[in-house]
Amino acid sequence: GMYLKAIELENFKSFGRKTRLEFKEGFTAISGPNGSGKSNITDAILFVLGPKSSKKIRAQRLTDLIYNGGKNGRPADYCRVSLIFDNRDRVLPLDEDEVKLTRYIKRANNELGYNSYFYINDEQARLQDFNSILIHAKIEADGYNFVQQGDVTRIVEMTPVERRTILDDIAGITKFDNEIKKAEDK
Ligand code: ATP
Ligand code: MG
């Protein structure tokens with residue numbers, strides 16, 4: 001099936017040097033000391049997948065994701081992350097064995113403080129095209145594809161009703177509940 005083959009990071013958070021991480025099909029574990037950048041790798045994935053949500057990426061502003069120079073280095077004015085998916089099964093709607101989704105932001109003197117660019121297989125793309133590929137693959141940063149630090153504790157400590165809501169959400173039932181409630185309120 002489709003899987004994430006590699007991630008390329010450039011000036012993303014602690015990755016001030018161009019870095020490529022290769023993954024095999026199946027299960028991958030990343031280990032390392034506290035503060036070494038493990039969660040920054042999942043942040044990089046969310047950065048590409050979830051252009052709308054900087055909250056999940058543990059950043060106040062997207063520009064906080066740009067390499068700040070660390071202790072002695074020079075701060076960068078852009079960051080770039082690419083996700084490279086194996087697409088031999090053609091799960092993603094492109095006739096290519098490999099699909100590379102890239103997001104690039106560059107500091108700018110505008111309201112947001114940056115400009116944002118998207119690329120599909122190295123060609124500049126619109127956010128819409130980018131998102132439609134992700135929808136096909138049923139990947140979303142705001143969904144339950146990602147279980148982050150603290151999420152498990154949160155789920156364990158929830159009330160049964162709250163927990164049930166998550167299951168209903170995944171099953172796609174919540175939207176019917178909302179409609180029933182709307183009808184009842186009338
Ligand atoms: P833990 O085991 O505690 O969860 P971790 O391996 O997940 O640790 P991360 O949270 O990925 O660690 O990395 C934190 C490091 O990233 C910190 O040292 C922090 O200074 C660095 N960092 C965060 N943002 C930036 C940035 N914009 N530029 C440079 N370094 C950054
Ligand atoms: Mg962490």
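Helices (H or I, at least four residues) and strands (E, at least two) are DSSP runs, numbered from the N terminus. In the predicted model shown here, local features need pLDDT of at least 70 and side-chain atom pairs count only at pLDDT 80 or more, while totals for chains, interfaces and linings use all residues. Residues are numbered from 1 along each chain as its sequence is written, and chains are lettered from A and ligands numbered from 1 in the order in which they are written.

**Figure 1. Overview of the predicted protein and its two domains.** The protein has five helices and six strands, which follow one another from the N terminus as β-β-α-β-β-β-β-α-α-α-α. Domain 1 covers 3-136 and domain 2 covers 151-185; these bounds come from an automatic or database domain assignment. Their C-alpha centres lie 30 Å apart. Along its principal axes the C-alpha trace spans about 60 × 40 × 40 Å. The average pLDDT (the predictor's confidence in each residue, from 0 to 100) is 89, and 95% of the residues score at least 70. For the complex, the predictor gives an ipTM of 0.98 and a pTM of 0.86.

**Figure 2. Surroundings of ligand 1.** There are 15 residues around ligand 1, of which Asn-34, Lys-38, Ser-39, Asn-40 and Asn-68 come nearest. A residue is near the molecule if its C-beta atom, placed from the backbone, lies within 6 Å of it. The shell holds two nonpolar, 10 polar and three charged residues. In this division, Ala, Val, Leu, Ile, Met, Phe, Trp, Tyr, Cys and Pro count as nonpolar, Asp, Glu, Lys and Arg as charged, and the others, Gly among them, as polar.

**Figure 3. The annotated segment and two of its serines.** An unreviewed UniProt entry carries the annotation "binding site" for Pro-33, Asn-34, Gly-35, Ser-36, Gly-37, Lys-38, Ser-39 and Asn-40. Positions from UniProt are given in the numbering used here, feature names are shortened, and annotations may be inferred rather than shown by experiment. Ser-36 sits in the loop between strand 2 (19-22) and helix 1 (38-49), whereas Ser-39 belongs to helix 1. A residue is buried if 20 or more other C-beta atoms lie within 10 Å of its own, exposed if 12 or fewer, and partly exposed in between, with C-beta atoms placed from the backbone. Ser-36 is exposed because it has 11 such neighbours inside 10 Å; Ser-39, with 15 within 10 Å, is partly exposed.

**Figure 4. Strands 3, 4 and 5.** Strand 3 (residues 78-86) pairs with strand 4 (residues 98-107) in the antiparallel sense over nine bridges; two strands pair if DSSP finds at least two bridges between them. Ser-82 has Thr-102 in strand 4 as its bridge partner. Strand 4 also runs antiparallel to strand 5 (residues 114-120), joined by seven bridges, and Lys-106 stands opposite Asn-115 in strand 5. Six residues lie between strand 4 and strand 5 in their hairpin, and Gly-113 in the turn has a positive phi of about 90 degrees.

**Figure 5. Two loop residues with positive phi.** Most residues other than glycine have a negative phi. Asn-11, in the loop between strand 1 (3-10) and strand 2, has a positive phi of about 60 degrees. Asn-11 counts as buried because it has 23 C-beta neighbours inside 10 Å. Asp-122 lies in the loop between strand 5 and strand 6 (123-125), and its phi is near 70 degrees. With 9 C-beta neighbours inside 10 Å, Asp-122 counts as exposed.
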